[in-house]
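Visitor: I am new to this structure, and I would like a close look at one part of it. Could you take me slowly through the nonpolar core and the strands around it?

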Amino acid sequence: TDFDNNRVMRFDVSTLTSLDELQSLNTPLDYSLGQNYPNPFNPVTQIMFSTNTSGEVSLKVYDLLGQKVAVLFDEVATANTIYSIQFDGSNLASGIYLYSLRTSNGIEVKKMCLLK
């Protein structure tokens, strides 16, 4: 926290996505959440995920204050299928956003950078 007792979060935004990372999703072993591509993006990016068991899956985007800004997927996902979801951030301000994949096996969160 800072001196005014506000929560402060720090993130390393130096990671960029390569095509090699997208191709590493070829054989899903468990649930997996790929890094968005391109990253940074303006204003559209792709997010890939998969799960090894069929079931309820949600993919949501949050700002750094933890407020939900988009629900990209919230339905039953088929096992061993790679999903590619397009995210359009044209109505959002430039900055860092978090996206979260929630499955029955766990939760994974990654960050992405919108530069306008």
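Guide: What follows is a walk from the whole chain to its strands, and from there to the core.

Please keep in mind that this is a predicted model. The protein chain has one helix and seven strands, and, read from the N terminus, the helix comes before the strands, in the order α-β-β-β-β-β-β-β. Of its 116 residues, 38% count as buried. Among the contacts with a separation of 6 or more, 56% are between residues 24 or more positions apart.

Some of these strands form an open sheet of four, in the order 4-3-6-7, and the pairing in this sheet is antiparallel. At its edges lie strand 4, which covers residues 68-77, and strand 7, which covers residues 106-114, and each of these two pairs on one side only. Neighbouring strands of the sheet are turned against each other by 15° on average, with direction ignored. Strand 7 is joined to strand 6, residues 95-103, by nine bridges, and the two run antiparallel; across this pairing, Thr103 stands opposite Gly106 of strand 7.

Another pairing links strand 2 and strand 5, which are antiparallel and share six bridges, with Val44 standing opposite Asp88 in strand 5. If you follow strand 5 along its length, you will see its side chains alternate: Tyr83, Ile85 and Phe87 point to one face and are buried, whereas Ser84, Gln86 and Asp88 point to the other face and are not buried.

This brings us to the core itself. In soluble globular proteins, nonpolar side chains tend to be buried together. Here the largest nonpolar core holds 20 residues, and those touching the most other members are Phe49, Leu59, Phe73, Phe87 and Met112. At least two core residues come from each of strand 2 (44-50), strand 3 (55-62), strand 4, strand 5 (83-88), strand 6 and strand 7.

Met112 deserves a slower look. Leaving aside residues up to four places away in sequence, Met112 touches Asn36, Asn39, Phe41, Thr45, Ile47, Val61, Phe87, Gly95, Ile96, Tyr97 and Tyr99. One of these partners, Phe87, is also among the core residues that touch the most other members, and Phe87 belongs to the buried face of strand 5 described above.

Finally, turning from the inside to the outside, the accessible surface of the protein chain comes to about 7,000 Å², and 49% of that surface belongs to carbon and sulfur atoms.

Conventions
Residues are numbered from 1 along each chain as its sequence is written. This is a predicted model: local features need pLDDT of at least 70, side-chain atom pairs count only at pLDDT 80 or more; totals for chains, interfaces and linings use all residues. Side-chain values use heavy atoms; hydrogens and water are left out. Two strands pair if DSSP finds at least two bridges between them. Axes are lines fitted to C-alpha atoms, for helices over the stretch in contact, and angles run from 0 to 180 degrees between N-to-C directions. A nonpolar core is a set of buried Ala, Val, Leu, Ile, Met, Phe, Trp, Tyr and Cys residues joined through side-chain atoms within 4.5 Å. Buried means under 20% relative accessible area, exposed over 50%, partly exposed in between (1.4 Å probe, protein chains only). Contact means heavy atoms within 4.5 Å. Accessible areas come from the Shrake-Rupley method with a 1.4 Å probe; for residues, only the protein chains shown count as cover.
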